[in-house]
Amino acid sequence: MIIIMKPNASKEAIRGVTCQIEAKGLQVHLSEGHEVTIVGVVGDKSLLHGINFEIADGVDKVVAVTESYKLANRKFHPEASTVLVGNTSIGPGSLTIMAGPCAVESREQLLETAVAVKKAGANFLRGGAYKPRTSPYSFQGLEEEGLRYMKEAREATGLAVVCEVTSQHAIETAVKYVDMLQIGARNMQNFELLKEAGKARVPVLLKRGLSATIDEWLNAAEYIMSEGNERVVLCERGIRTYETSTRNTLDISAVPVLRSKSHLPVIVDPSHATGVRAYVPPLAKSAVAAGADGLMIEVHPDPARALSDGPQSLTFGQFEQLCASLRPYARLEGRKF
Ligand code: PEP
Ligand code: MN
């Protein structure tokens, strides 16, 4: 349930409403916009039975929120959110480019890539130190050593760094080294992991599950936010369909759908969505045109020798070309890049 206050509602009137809600043991989420304040109610609203907020001082109207996700819901926060990460931010008005190798393979590989993607225009370095591989015999990541290289790359370039975490232990370790935690597709409904990420005071990039609906995805975001961490960014990375020409099918419609259902920033990962290097640039452009707040692109100094996801990784030159070709699209969408 949300209580929409009148444009001129006084602070006392707002406090009067929030006090009644809190007195019943429910949580209040305040969204103070330019014009109106919206009081969001989180918890079992049957506890408010008998209170008629419609006639309370300063209240315009009361609207039921039927969706099970509340904090991630656009009704709770009508303006699009900007998520601050280190010295940078993800949200309206800018185009965030996260780029880097699928996996951190060595110090040299990572530092070399960080310098190249920064020069081309990226503002984040991505790199996996804990790799959730399909086969247990595939390269599993350098773990803490990889995180140390990520931190070193940040210090050398000023890029913000994002790294996937796959366990509570990985979260505890990663928060010492990175600016943003990534929850991968395979863990989108690992609710214990989501709660731990919610307790970490670090922004979270939440990828869409392999076969997750948008509502399931927003409920996953709610798990993180309900633990007190509201700095969540969503990443569409393709879903499982019957089509086999691409690794997954990029659900570009997720971008406008999420926009209408949620206030959280949305980025698109055309690398994992397609699995094919040649398809990455056209889908990156379509994501910007659809209104995405950013992109995640895999880049490797020598894709043919990459320990994971080589076929979808761009070379430095290809990434630089992609960034140049994205600039007019960003301009058309009113996004600084
Ligand atoms: C990744 O970003 O390295 C990754 C494994 O992606 P996803 O979880 O989307 O498969
Ligand atoms: Mn990858």
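**Figure 1. The one aromatic pair in this predicted model****.** The structure holds 1 aromatic pair, and its partners are Phe191 and Tyr223. Their ring centres lie 4.4 Å apart and their planes meet at 25 degrees, so we call this pair stacked (planes under 30 degrees apart count as such). Phe191 belongs to helix α5 (residues 191-199) and Tyr223 to helix α6 (residues 214-225), so the rings tie together parts 32 residues apart in sequence. Are these two rings tucked away or not? Phe191 counts as partly exposed because its relative accessibility is 31%. Tyr223 is also partly exposed, at 31%.

**Figure 2. A close-up of the manganese ion (ligand 2) and its donors****.** Four side chains show up here: Cys102 through SG, His272 through NE2, Glu298 through OE and Asp309 through OD, coordinating the metal at 2.0 to 2.3 Å. Read along the sequence, the donor spacing is C-x169-H-x25-E-x10-D. Zoom in on the last two, Glu298 and Asp309, and you'll find them 11 residues apart. Glu298 sits in strand β14 (residues 294-298), while Asp309 is in the loop between β14 and α10 (316-332).

**Figure 3. How buried are the donors Glu298 and Asp309?** Glu298 has 0% relative accessibility, so it counts as buried. Asp309 comes in at 18%, and since buried means under 20%, Asp309 counts as buried too.

**Figure 4. Arg327 over the ring of Phe337****.** Here a charge meets an aromatic ring: the charged end of Arg327 sits over Phe337, 4.2 Å from the ring centre.

Technical notes: Residues numbered from 1 in each chain as written. Chains lettered and ligands numbered in written order. Predicted model: local features only at pLDDT ≥ 70, side-chain atom pairs only at ≥ 80, totals over all residues. Heavy atoms only, no water. Donors = N, O, S within 2.8 Å, 3.2 Å for Na, K, Ca; no water. Helix = DSSP H or I, 4+ residues; strand = E, 2+ residues; numbered from the N terminus. Buried < 20%, exposed > 50% of the residue type's maximum accessible area, 1.4 Å probe, protein only. Phe/Tyr/Trp six-rings, centres within 6.5 Å; stacked < 30°, edge-to-face > 60°. Lys NZ or Arg CZ within 6 Å of the ring centre and 35° of its normal.
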